Amino acid sequence: MRKLLLVCFSFWLFSSYAQETYTVNGVKDERPGLHAFINATLHLDYQTTLENATLVIQKGEVIASGKDINIPKGAIVHDLKGKHIYPSFIELSSNIGMPKTENGRSPGPQLGPKKEGAYNANDAIKAYFKAHEAFETKDSDADKMRKAGFGVVLTHNQDGLVRGTGTVVALHNGPENEIILKETASQHFSFDKGSSTQDNPSSLMGAIALIKQTYLDAEWYANQNEMVDVSLNAFNKNKNYAQFFDAGGDKLYVLRADKLGDEFGVQYIIKGNGDEYQRLDEIKATNAQLILPVNYPEAIDVEDPFDALNVSLAEMKHWEMAPYNLKMVTDKGINYSITSDGLKDASKLADMLSQSIDAGLSEEQALKALTYNPAQFIKMGDKLGSLTKGKIANFIITDGSPVKKETKIYENWVQGNPYKYQDYTLPELAGNYTLTVGNDEYQLEVSGMPGKENFKIVVNDSTSYDVKSEVSKQLITLSFKDESKEEAGKIRLSGWLKEAGLGGNAKMPDGSWAEWSASLNEDVSPAKEDEDTKEEETEEKSDIGSLIYPFVAHGNKEKPKAESILIKNATVWTNEADGVLENTDVLLENGKISKIGKNISASGAREIDGTGKHLTPGIIDEHSHIAISRGVNEGSEAVTAEVNIEDVVNSEDINIYRQLSGGVVASQLLHGSANPIGGRSAIIKLKWGYSPEEMKIDWADKFIKFALGENVKQSNWGERNTIRFPQTRMGVEQVFEDAFTRAREYEAEWKAYNNLSKRDKANTSAPRKDLELETLVEILNSERFISCHSYVQSEINMLMEVAERYGFRINTFTHILEGYKLADKMKEHGVGGSTFSDWWAYKFEVNDAIPYNAALMHGEGVVTAINSDDAEMGRRLNQEAGKTMKYGGVEVEEALKMVTLNPAKLLHLDDRMGSIKVGKDADVVLWSDEPLSIYAKAEKTIIEGTIFFDRDQQEDKLEAIRAERARLVAKMQGEKSNGKSTQKAKPKSQIIYHCETEIENYSSLK
């Protein structure tokens, strides 16, 4: 009996005809909403179609569907002969009915939250938001969606990193408590902090770190009784629902969202960006279900050749390939739903889907992604997504497939309530006709939708005259004046629709009667013209360019692969005891240096003639800021050890390729210098075309960026930045003291907890896991190593003393332009120096810098490297190293080590990199001349036996780029010539990060 009551209750909950709780003003209307739709082509679901079928609905629910259905007594019957019924679409990315928000920007520093109450310490964490409580019906917005074929949306507040819950809403203009189908269906995340004006986070890596910390805090909160946090409490409750992540940005953001989820055992449903085809293998490996937009870009107006220069190859290729995304994702076996989110108008959905269908996507798959899949994603497949018995009566009536742009949606029924946009009982008259009136013949053109037709007589391409018309069901009245005749008055036609056209009687200007008829010109009808145009467009679209990895200029059609390579008769700079070897062969096999010697032979190896050329270890840049997405600094707080550059590696950065052309094989991607304790580093090999994860050196030790000087005390940040501690160099020291004191206490607290007996642990709350302090404990235990931005002697001394007090050592001082003043102390401390070759006087604290700095530190026995800190300089680090020969007389082999072996030592990579030795990684560069010469060019840059840059192929690459751009320009010009809308070419500049680059509105950057 209890089960029966539960079933009855569930039916009541989902019925749009729920029992009334409102006072009725007037006569009560309890009509059952019983309708029967007969003779229709009924699409029960995305894959099941029945001809001459019947759909019966009552009280907003399907009560019968199929063939040979008995029509219930009292049903209102709709004859849909020649028409189609499809399940209405389901939108999973919407903010319909939610409060309006705008991205926030604080007029000044805001260190803490604005929201008052027992909420999270960060305003971007809005897990407490409940969409069903905030939802308000706004039928003007709902109607736009209904016109596009949607019947249900999952709506949520698109604001914040953790956005709270989503609610499933029917797009019926009814009371909120009747149209909410599922009050809580989901929890939502994003990388955009939204309306929060709080400083933190100010970068993408900061956003990721904050979400991670929220997961950890929520876990701790669930097992403690010390405090109340409404946000964390809600976050824990919301874990039971489907987890959605809006990965706004590009395809790499999908990978980042999934990696974040994997860390906490969460499989997100991820909203992508429409460029997933560019990294399909990696996205397939996530096992994530996707929500894919179809906001395909318009062609760009490239008539002006200088405007065309503002358009990158990647933009051009994406314009061409974006409509293929759904087909390629489908072929890869990735499950997804389609969203209209991102379109200026949802009514453009069918236009966009038509492009995808022309590109090879099946109609069945498009329908599946608009109906069945979204219903499954929100666990409502028992009520939505098809038109079988028991489902909610959400369906559209059309004249064909609703995923084609030419299809008309006549009606959209939502919860059994009709929304009518065109009268399907009216005849379709649009077309070109031959009109015969008596003995005269005219060309009649009819355009417009049923009930809103426009008639005109066409004389020739430049001459036509309007026809006054009135159409009522099967009857038609027309009148016009024949301008070719002198007689006054109009020809008036009255008639009706016939099977083969129109016809009836005409009253001529002279008062006489005549018969008239109009027959459709089948060969030149608009439908025929559309078909011919589509065939032409299909032929054009079949000619598309190739995918390249990465999807930017100089990308490759295939990812480069490792080879066995034998370099013959080169001058080999080993950086080992053997020194420089003349006329020597080097064999690279299985990603390693296999043999070094003379007259080596290797069957099947690719042979490269090194005669007159020089082979060196690959250059390693100890201090770089390339290949980072959306912010190099998380400068919102003095200590941000929780953030990690590894989370934001950008494999698509053209600077990777540019630096390969200068012989660079690896880089440490460092956090900037906005705060004393910055973020964790990423150490990568420059594997052009590979994914971020494939680029990371997974066996490398862990590093972090510290900083001293003007940047961290905000000396040059402007008058409004005088709030964040520290503001003086004295304060900087206290930041370190405080941080490491807290880290010691944190470590002791965890040790005490971990030493408890099993029984005591069961009765004791675990300490709160803190990502910032976890990182600092790693430093204390020499499990993570410091690269410190530094200039002034006194501060350098200070930090070495702090480290010694806490029992660890600084690994590297980077910049270190006053290193020559205390090189002896650096040697004693055991710290290395990574410096510029000849930068000085570019700001006050470097006034004492000298170009002899590197030589003097080297002479004192300090492991010394030359770094770039600059995307452009990273292309010529060999020349920067050569300057130490001029300024200080450093021996040439020692100078080369400053960009090869020495940075490898500083980064603890020297057991596998930095020299040419059997067994080390095959990371080498073949130069045209002596490697430190200004005339030397990197001819081949090889990483783990794979050639990632080959100057011999460079001209071919450039020619291929020119040819591809020319093809795409011509194709875009064709779009404009065919009357299609275009967008203006706009220059897009790339932000080149340096230590001090601070981006406030990071959400607008990629």
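## Overall picture

Of the 1006 residues of the protein chain, 57% count as buried. The model is predicted. The chain holds 27 helices and 43 strands, and its C-alpha trace spans about 115 × 70 × 60 Å along the principal axes.

The exposed area of the protein chain is about 43100 Å², of which carbon and sulfur atoms supply 47%. Where residues at least 6 apart in sequence are in contact, 68% of these contacts join residues at least 24 apart.

## Charges

The protein chain carries 117 positive and 153 negative charges, and the mean positions of the two sets are 3 Å apart. Side chains of opposite charge can pair when their charged atoms come close. In this structure there are 65 salt bridges.

Some of the charged residues are joined in a network of salt bridges, made up of Lys-592, Lys-685, Lys-687, Arg-912, Asp-921, Asp-923 and Glu-944.

## Three salt bridges

Glu-282 is paired with Arg-279 in a salt bridge whose closest N and O atoms are 3.5 Å apart. Arg-279 is buried, at a relative accessible area of 1%. Glu-282 also counts as buried, because its relative accessibility is 14% and the limit for buried is under 20%.

A salt bridge also links Asp-950 with Arg-606, again with a closest N and O separation of 3.5 Å. Asp-950 belongs to strand β42 (residues 946-950) and Arg-606 to strand β29, so the pair ties together parts that are 344 residues apart in sequence. Asp-950 has 8% relative accessibility and counts as buried, whereas Arg-606, at 30%, counts as partly exposed. The side chains of Arg-876 and Glu-872 meet in a salt bridge at 2.8 Å, N to O. Arg-876 is partly exposed, with a relative accessible area of 26%, and Glu-872 is partly exposed at 34%.

## Surroundings of Lys-613

Strand β29 (606-609) is followed by a loop that leads to β30 (614-617), and Lys-613 is found in this loop. The relative accessible area of Lys-613 is 23%, which means that the residue is partly exposed; the range for this class starts where buried, under 20%, ends.

Leaving aside neighbours within four places in sequence, Lys-613 is in contact with Ala-570, Thr-571, Leu-926, Trp-927 and Glu-939. Lys-613 and Phe-948 are 335 residues apart in sequence, and their C-alpha atoms are 18 Å apart in space.

## A negative surface patch

Glu-801, Glu-804, Asp-824, Glu-828 and Glu-860 form a negative surface patch. The elements that give two or more residues to this patch are α21 (793-805) and α22 (823-829).

Glu-860, one of the patch residues, is found in the loop between α23 (853-859) and β39 (864-866). Glu-860 has a relative accessible area of 41% and is therefore partly exposed. Patch residues need over 30% relative accessible area and no salt bridge, and the 41% of Glu-860 satisfies the area condition.

Terms used:
Residues are numbered from 1 along each chain as its sequence is written. This is a predicted model: local features need pLDDT of at least 70, side-chain atom pairs count only at pLDDT 80 or more; totals for chains, interfaces and linings use all residues. Side-chain values use heavy atoms; hydrogens and water are left out. Patches are made of residues with over 30% relative accessible area and no salt bridge: like charges are joined within 9 Å, nonpolar side chains (Val, Leu, Ile, Met, Phe, Trp, Tyr) within 5 Å. Accessible areas come from the Shrake-Rupley method with a 1.4 Å probe; for residues, only the protein chains shown count as cover. A salt bridge is a side-chain nitrogen of Lys or Arg within 4 Å of a carboxyl oxygen of Asp or Glu. Lys and Arg count as positive and Asp and Glu as negative; His and the chain ends are not counted. The place of a charge is taken as NZ of Lys, CZ of Arg, CG of Asp or CD of Glu. Helices (H or I, at least four residues) and strands (E, at least two) are DSSP runs, numbered from the N terminus. Buried means under 20% relative accessible area, exposed over 50%, partly exposed in between (1.4 Å probe, protein chains only). Contact means heavy atoms within 4.5 Å.
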